[in-house]
Amino acid sequence: MSVLRSVMSVPLEKVGQRLVSAERLGVSQNGRRILSGIDLELFGGEIVSLIGPNGAGKTTLIRAILGLIPYQAGRVDKAPGLVIGYMPQRLEIDPVLPLTVHRFLRMSANVGKDEISEVLREVSVPQLREAQVETLSGGEFQRILLARALLRNPDFLVLDEPAQQVDFQGQIDMFELIEQLRTRRGCGVLVVSHDLHMVMSATDRVLCLNGHICCSGAPEAVSAHPEYVALFGPRAADSIALYHHNHRHEHDLSGGVHQAGSKRHDHALGN
Amino acid sequence: MLDDFFWRALIGGIGVALIAGPLGCFVVWRRMAYLGDSLAHGALLGIALGLVFDIDFTIGIIASSIALVALLILLQRQNRFASDTLLVILAHGALSLGLVAVSFFEGQRLDLMVYLFGDILAVGRGDLIWIYSGGAAILAVIACLWRPLLAITVHEELARAEGVKVSLVSIAFMLLIAVTVAIAMKIVGILLIASLLIVPAAAARRLAQTPEQMAALAIFAGVLAVVGGLFGSLEWDTPSGPSIVVAALAVFLLSFVVGAGRQLIRPRHRPIAEP
C-alpha cells in the first residue's frame, strides 16, 4: 500500500493495524433513518476523509463509532485497548467560565506542565499556554482542541471538521499539521469534511457519505465517481477529476440509489 | 458585647457561604440558576412533609428536593417540554402543594415568613451541626467530582468521549444543589437561596483566571456578604436574610469596579501570534 511509504519511520505495530470496523451499521434518530448499511474499516497510519453534503450523517457516523450514540443495526468493533482522541465539531466555551489554555488541556488527562508545553509545540502554538480560552481566534482554538485530543496519546484521531471557521491558508495549515501528526505518531486519522478539495492532499482514502457510503477510494477516484458528482455537482468534480463519467445515477429522497445500469463503478475506485 | 445568637448566625452564614461558593460557580457555569430557585420553592413541600410525618424539616426538604430532581430528570427524558417549563410546573406545583398542606396544620402556628425569607438570627446549635456536617459532605463530593463536572460543563460530548459518566455526574450535581438548598434555607429563606448561590459566583467572575480561583473568590464574596449583611442588619435593625442579599449585591457591584480598575492597570493578555 502506498499509504505506508510515508510512515515508515513510526512504530510498525501501529501502522496497518485495524483500529475500527463497522458492519452493516444502521442508525436511526427519532424514528428517522440517518445511516444504513455502513461498512468500513479504518487502519493505523492512515488518513481517511469522510465527506458528504450537509445532513449526510457524517457527525452521526462518527458519534456511533465513538460510542456516543446507540445504533440500531449492524455492529462496530474496536481494537482492544484502542485510545481515541476526539475533536468535536463545535465547542464554544461560555465566557462566564474562566479558563486558561493550560487548564483546559489538563481536563482530558492527568498531564503535567511539560507534556502540555510539548503538545502545544507540536500543534505550533506554544505561546498560548497561559492565554484565556475566550480570547483565542478560531484557528488557535482548533489547534488547542487538537492538542487536547493528542494529550490522550491516541491510536486513532477523530476530527470533526477541524478546519472550519478558519481562512483558506489556515485550512491548508491544519491539514498539513494533521499529515505531520500521522507521520510522527503513526495513528489512524478520520477527518470529517464537507469539502473534498480541502482534504485532497493529505488524504489516503475518501469515504463519500450520504446516508450510506456512496463511494470510497483515493481522492482522485472519488472525485470522478458518478455518485460523488451527483452529490456535489459536476463543477465540484471538474477541478480535480481525472475521469469524467456521465452515467445516469440519481439519489431519491430516502437516500437510496437508482443505478441506471447494474454495472458498478469499481473501475473508478483506484485501489 | 455580641450576643450568642449573633455569633451562631455569623458562623452558620459563613458555613453556608463556604458551600455556596464552589457550588454556585457550577450553577452559573452550567446555566442552572433556575434549578436552584425551583428547588428552593419546592422546599416548602418538604416542610409540609416534615409536619405531616413529624420529622426534621431539613430531612423533609432533602427528601422533597430529591423527589423533585428525580421527577425533573424523568420528564426531561420524555423530551416533550423544555426544562424551564418543567421547572415552573414542578417548583410552583410543589410550593402550592406545600402551602395547601401546611394550611391544615393551623394549630402549629407555622411562621411562613421565617421559611420564605429565612431567620438567620434563630439559627440554633442543631442548625449549625447540619450546616457544617452537611456542608463538609457536600464539599467533599464536589472535590471528588470537580474534574468530571468541569469537563461536562465545558463540553458534554467531548467529556463522554473521554470516558466521563455524564449522566451520573450531572445527577449527582443536582442532588448536591438539593441538599445545599435544604441546608441554606434557614439562613436566607426559600425566596433568596438562589441569590446566595449565584451572586457571589457572579461577583467572582471578573477577578478570576481559572475555575478554581473563581470558586475561591466566590467563597470570599459570600463570606463578605454574610458578614456585611449581618452587621448591617444589627446596626440598622433590618431583616437579616434580605440584608445579606443586599450586601452580596454590593459585593457584586464592587467586583465590577475592581475588575475595571485591574483592566486599566494591566490589560488582559491577548496573544498576538496567529499560527
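**Helix α3 and the A–B contact in a predicted model**

User: What phi does A:S124 take just after α3(A)?

Analyst: This is a predicted model: local features need pLDDT of at least 70, side-chain atom pairs count only at pLDDT 80 or more, and totals for chains, interfaces and linings use all residues. Residues are numbered from 1 along each chain as its sequence is written, and chains are lettered from A and ligands numbered from 1 in the order in which they are written. Helices are DSSP runs (H or I, at least four residues), as strands are (E, at least two), numbered from the N terminus. Just after α3(A), A:S124 has a positive phi of about 65°.

User: Which residues of helix α3 of chain A are buried?

Analyst: Buried means 20 or more other C-beta atoms within 10 Å of the residue's own; exposed means 12 or fewer, partly exposed in between, with C-beta atoms placed from the backbone. In α3(A), residues 113-122, the buried ones are A:I116, A:V119 and A:L120.

User: Why do the buried residues of α3(A) line one face of the helix?

Analyst: The arc is taken from the directions from the helix axis to the C-beta atoms. A:D114 and A:R121 are exposed on the other side of α3(A). The buried residues line one face because, seen down the axis, they fall within an arc of 105°.

User: How many residues of chain A are in contact with chain B?

Analyst: Contact means C-beta atoms, placed from the backbone, within 7 Å. On chain B, 27 residues take part; on chain A, 29.

User: Which element supplies the largest share of the side of chain A that touches chain B?

Analyst: β5 (84-87) and α4 of chain A each supply at least two residues. The largest share, 3 residues, comes from α4(A).

Technical notes
Two residues are in contact if their C-beta atoms, placed from the backbone, lie within 7 Å.
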